[in-house]
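Colleague: Got a minute to go through a model with me? I'd like to hear the reasoning behind each label.

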Amino acid sequence: MELQTYRYHGHSMSDPGVSYRTREEIQEVRSKSDPISMLKERMLSHNMASVEEFKEIDIEIRKQVEDATQFATSDPEPPLEELCNHIFSNNPLLEVRGTNPWSKLKSVS
């Protein structure tokens with residue numbers, strides 16, 4: 001499976017993303033191959049959803065993003081002693097049955 005993506009924005013705040021490509025290029029890619037727009041158009045053309053349903057979805061998504069943004073900007077920072085709480089790391093040792101990880105493998109070729 002091959003998936004191709006296109007970044008509409010620069011890498012960071014200091015990279016507007018238009019020094020190495022034109023705004024026209026970005027708009028052309030967005031208008032011709034944006035996967036969300038393409039899916040929306042296919043769903044509309046096959047009567048899988050209506051324009052009104054997409055408007056309702058868009059309103060709900062914007063509300064969720066606004067609520068999350070409000071929570072993130074108004075929530076106080078945790079105390080310094082709690083910064084490392086709730087960090088999960090799952091790095092199990094690589095085990096291969098019948099081998100010793102400290103011994104060198106011999107070539108059988």
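What follows is a chat about the labels used for this structure.

Modeller: Before you start, this is a predicted model, so local features need pLDDT of at least 70 and side-chain atom pairs count only at pLDDT 80 or more, while totals for chains, interfaces and linings use all residues. Residues are numbered from 1 along each chain as its sequence is written, and side-chain values use heavy atoms, with hydrogens and water left out.

Colleague: Fair enough. What makes up the fold, in terms of helices and strands?

Modeller: There are three helices and zero strands in the protein chain, and the order from the N terminus is α-α-α. Those elements are DSSP runs numbered from the N terminus: H or I over at least four residues for a helix, E over at least two for a strand.

Colleague: And how much of the protein chain counts as buried?

Modeller: Of its 109 residues, 9% are in that class. Buried means under 20% relative accessible area, exposed means over 50%, and partly exposed is in between, with a 1.4 Å probe and protein chains only. The accessible surface of the protein chain is about 11,200 Å², with 57% of that belonging to carbon and sulfur atoms; the areas come from the Shrake-Rupley method with a 1.4 Å probe, and for residues only the protein chains shown count as cover.

Colleague: Why is the pair of tyrosine 6 and tyrosine 8 called tilted?

Modeller: By the ring rule there is one aromatic pair. The ring centres of tyrosine 6 and tyrosine 8 are 6.0 Å apart and the planes sit at 55 degrees, so the pair is tilted. For Phe, Tyr and Trp (its six-membered ring), the centres must lie within 6.5 Å; planes under 30 degrees apart are stacked, over 60 edge-to-face, and the rest tilted. Tyrosine 8 has a relative accessible area of 19%, so it is buried, whereas tyrosine 6, at 27%, is partly exposed.

Colleague: What makes you say that arginine 30 lies over the face of tyrosine 8?

Modeller: Arginine 30 is 4.0 Å from the ring centre of tyrosine 8 and over its face. The rule wants NZ of Lys or CZ of Arg within 6 Å of the ring centre and within 35 degrees of the ring normal. Lysine 40 also lies over a face, that of phenylalanine 54, at 5.6 Å from the ring centre.

Colleague: Why does aspartate 34 have no salt bridge?

Modeller: A salt bridge needs a side-chain nitrogen of Lys or Arg within 4 Å of a carboxyl oxygen of Asp or Glu. For aspartate 34, the nearest side chain of opposite charge is arginine 30, 5.1 Å away, and aspartate 34 is buried all the same. Lys and Arg count as positive here and Asp and Glu as negative, with His and the chain ends not counted. Aspartate 34 sits in the loop between α1 (23–33) and α2 (35–45). Leaving out residues up to four places away in sequence, aspartate 34 touches Tyr8 and Val29, where contact means heavy atoms within 4.5 Å.

Colleague: Which pairs do make a salt bridge, then, and how do you know that glutamate 28 and lysine 32 qualify?

Modeller: The count is three salt bridges. Glutamate 28 and lysine 32 come to 3.1 Å, N to O, and so meet in one. They are four residues apart in helix α1, about one helical turn. Lysine 32 is exposed at 60%, while glutamate 28 is partly exposed at 42%.

Colleague: What about arginine 62 and aspartate 58?

Modeller: Their closest N and O atoms are 2.9 Å apart, a salt bridge, and both lie in helix α3 (residues 51–74), four residues apart. Arginine 62 is exposed at 57%, but aspartate 58 is partly exposed at 34%. Lysine 63 and aspartate 67 form a salt bridge too, at 2.8 Å, and both lie in helix α3, about one turn apart.

Colleague: What makes phi of asparagine 47 worth a mention?

Modeller: Most residues other than glycine have a negative phi. Asparagine 47 has a positive value, near 55 degrees; asparagine 47 lies in the loop between α2 and α3 and is exposed at 72%. Histidine 86 has a positive phi as well, about 65 degrees, without being a glycine. Histidine 86 is in the segment after α3 and, at 84%, counts as exposed.
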